[in-house]
Amino acid sequence: MIEKLEKMLICRGGDEERLYAEAKEIKNQTIGNKVYLRGLIEISNICTKDCFYCGIRKSNTETARYALSDEEILEAADFAYTHRFGSIVLQGGERSDREFTERITRLLKEIKKNSNNELGITLSLGEQTEDTYKRWFDAGAHRYLLRIETSNPELYAKIHPNNALHSHATRLKCLERLQRTGYQTGTGVMIGLPFQTITDLANDLLFLQSMDIDMVGMGPYLEHHATPLYQYRHLLLPLEERLRLSIHMVAALRLLMPDINIAATTALQAIQADGREKALEIGANVVMPNITPTTNRTLYKLYENKPGTHEGAAESMRKLEESILKSGCEVAYGAWGDSRHFQSKHSTSPPLA
């Protein structure tokens, strides 16, 4: 299987066309051509982590720090609800202090109340205790994205500090905690990292399958000048190749896991204006329009040249809808768009005692 996946990732010409066509056919047969919206609210760029690839890492003194107010977060959630997004994502730098975790619990309850329990909520807030995950789940969150970034522990160690706060094993344990708690659990990897091989990426795909993941957000690695990994930029593939490799990863994953949710990430668009469209055409079925207030959006910069940082939420949505239609897909307004994979797993489970 590993050799077959490697061939998929590096194929060109007719083989590439066949890969795309097969992935598109599997997607349409299994989950249809609807695209689900997740209104992205970047609640804060304050982070306790120091990951070597990330522009909001704790040690980056060039970044002005911010945290949205409760009012700003609730207003953004209300925008998503009134524009029939179906779901939102609360994403931010990693914190696990009590003040932060209790605030998220409070906000979750308020968002569910304000939307008559109709707005779906995904969280992407990093590593937490199982108790915290459970409290957030009970408060209304039902999906969680925690990207592993790479399934290779040796590569993980090269792109993170060597300390207890940046542990590959802890990341894996947190994914298991999320699954035990009952979340639709998502993860993802960066594609085209320094030191990364095609075999690493093929193993990443097998890792996603072995973890029985429900949703995936993965995209090309894009460098940021104020990070330690920037010194290895000479090892990187050209941007166009990172984009191609990312599209191949989406197609291969759709073939490997036909009924999961796969996001067409913003990083694809950062390389090429129609990057997200390409991913939607051949396998992705989720997009995350940014509805963070524009005054703060420029400060949540994980990588450079992030697109749409100066657009208002309404303008971002208009452009996104156009691109979804161009890809031959249909916007699923007002729908949670839960993972079919998650639903199928739990519909056959015996009732809990």
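The exercises below work through helix packing, aromatic pairs and burial in a predicted model.

**Exercise 1. Classify the crossing of helix α1 and helix α8, and find which residues meet there.**

Step 1. Helix α1 covers residues 2-10 and helix α8 covers residues 198-210; their axes are 9 Å apart and the packing angle is about 115°.

Step 2. Angles of 65 to 115 degrees count as roughly perpendicular. This makes α1 roughly perpendicular to α8.

Step 3. The crossing of α1 and α8 has a right-handed sense.

Step 4. On the α1 side the contact is made by I2, L5, E6, L9 and I10, and on the α8 side by I198, T199, L201, A202, N203, L205 and L206. By type, the residues of this contact of α1 with α8 are 9 nonpolar, 2 polar and 1 charged.

**Exercise 2. Do the same for helix α5 and helix α7.**

Step 1. The axes of α5 (residues 130-139) and α7 (residues 168-181) come within 10 Å, and they cross at roughly 40°.

Step 2. Roughly parallel requires an angle under 35 degrees, and roughly perpendicular requires 65 to 115. The two helices α5 and α7 are therefore oblique to each other.

Step 3. The crossing of α5 and α7 is right-handed.

Step 4. E130, Y133, K134 and F137 of α5 meet C174, R177, L178, R180 and T181 of α7. The residues in this contact of α5 with α7 comprise 4 nonpolar, 1 polar and 4 charged.

**Exercise 3. State how many aromatic pairs the structure holds, and describe the pairs F79 with F85 and Y144 with Y183.**

Step 1. A pair of rings is described by the distance between the centres and the angle between the planes.

Step 2. There are 7 aromatic pairs in the structure. In the pair of F79 and F85, the distance is 6.0 Å centre to centre and the planes stand at 80°, an edge-to-face arrangement. F79 and F85 are both buried.

Step 3. For Y144 and Y183 the ring centres are 5.6 Å apart and the planes lie at 80°, so this pair is edge-to-face.

Step 4. Y144 belongs to strand β4 (residues 143-145), while Y183 sits in the loop between α7 and β5 (184-187), so the pair ties together parts that are 39 residues apart in sequence.

Step 5. Y144 counts as buried at 0% relative accessibility, and Y183 is buried at 1%.

Step 6. Y144 and Y183 also belong to a cluster that ring pairs form with Y133 and F137. Y133 and F137 appeared in Exercise 2, on the α5 side of the contact with α7.

**Exercise 4. Are S124 and S246 buried or exposed, and which residues does each touch?**

Step 1. Buried means under 20% relative accessible area. S124, in strand β3 (residues 120-124), has a value of 14% and is therefore buried.

Step 2. Leaving aside residues up to four places away in sequence, S124 touches V89, L90, Q91, G92 and L145. The C-alpha atoms of S124 and G93 are 8.9 Å apart, although 31 residues separate the two in sequence.

Step 3. S246 lies in helix α9 (residues 239-256). Its relative accessibility of 1% makes S246 buried.

Step 4. With the same exclusion of residues up to four places away, S246 touches I191, G219, P220 and L268.

**Exercise 5. Decide how far helix α11 is enclosed, and describe what follows it.**

Step 1. Helix α11 spans residues 275-282, and 6 of its 8 residues are buried. These are G275, R276, E277, A279, L280 and I282.

Step 2. The helix α11 is therefore largely enclosed by the rest of the structure.

Step 3. Just after α11, G283 has a positive phi of about 160°.

Terms used:
Residues are numbered from 1 along each chain as its sequence is written. This is a predicted model: local features need pLDDT of at least 70, side-chain atom pairs count only at pLDDT 80 or more; totals for chains, interfaces and linings use all residues. Side-chain values use heavy atoms; hydrogens and water are left out. Axes are lines fitted to C-alpha atoms, for helices over the stretch in contact, and angles run from 0 to 180 degrees between N-to-C directions. Helices (H or I, at least four residues) and strands (E, at least two) are DSSP runs, numbered from the N terminus. Angles under 35 degrees count as roughly parallel, over 145 as roughly antiparallel, 65 to 115 as roughly perpendicular and the rest as oblique. A crossing is left-handed if the near helix is turned anticlockwise from the far one by less than a right angle, and right-handed if clockwise. Contact means heavy atoms within 4.5 Å. Ala, Val, Leu, Ile, Met, Phe, Trp, Tyr, Cys and Pro count as nonpolar, Asp, Glu, Lys and Arg as charged, and the others, Gly among them, as polar. Buried means under 20% relative accessible area, exposed over 50%, partly exposed in between (1.4 Å probe, protein chains only). Rings of Phe, Tyr and Trp (its six-membered ring) pair if their centres lie within 6.5 Å; planes under 30 degrees apart count as stacked, over 60 as edge-to-face and the rest as tilted.
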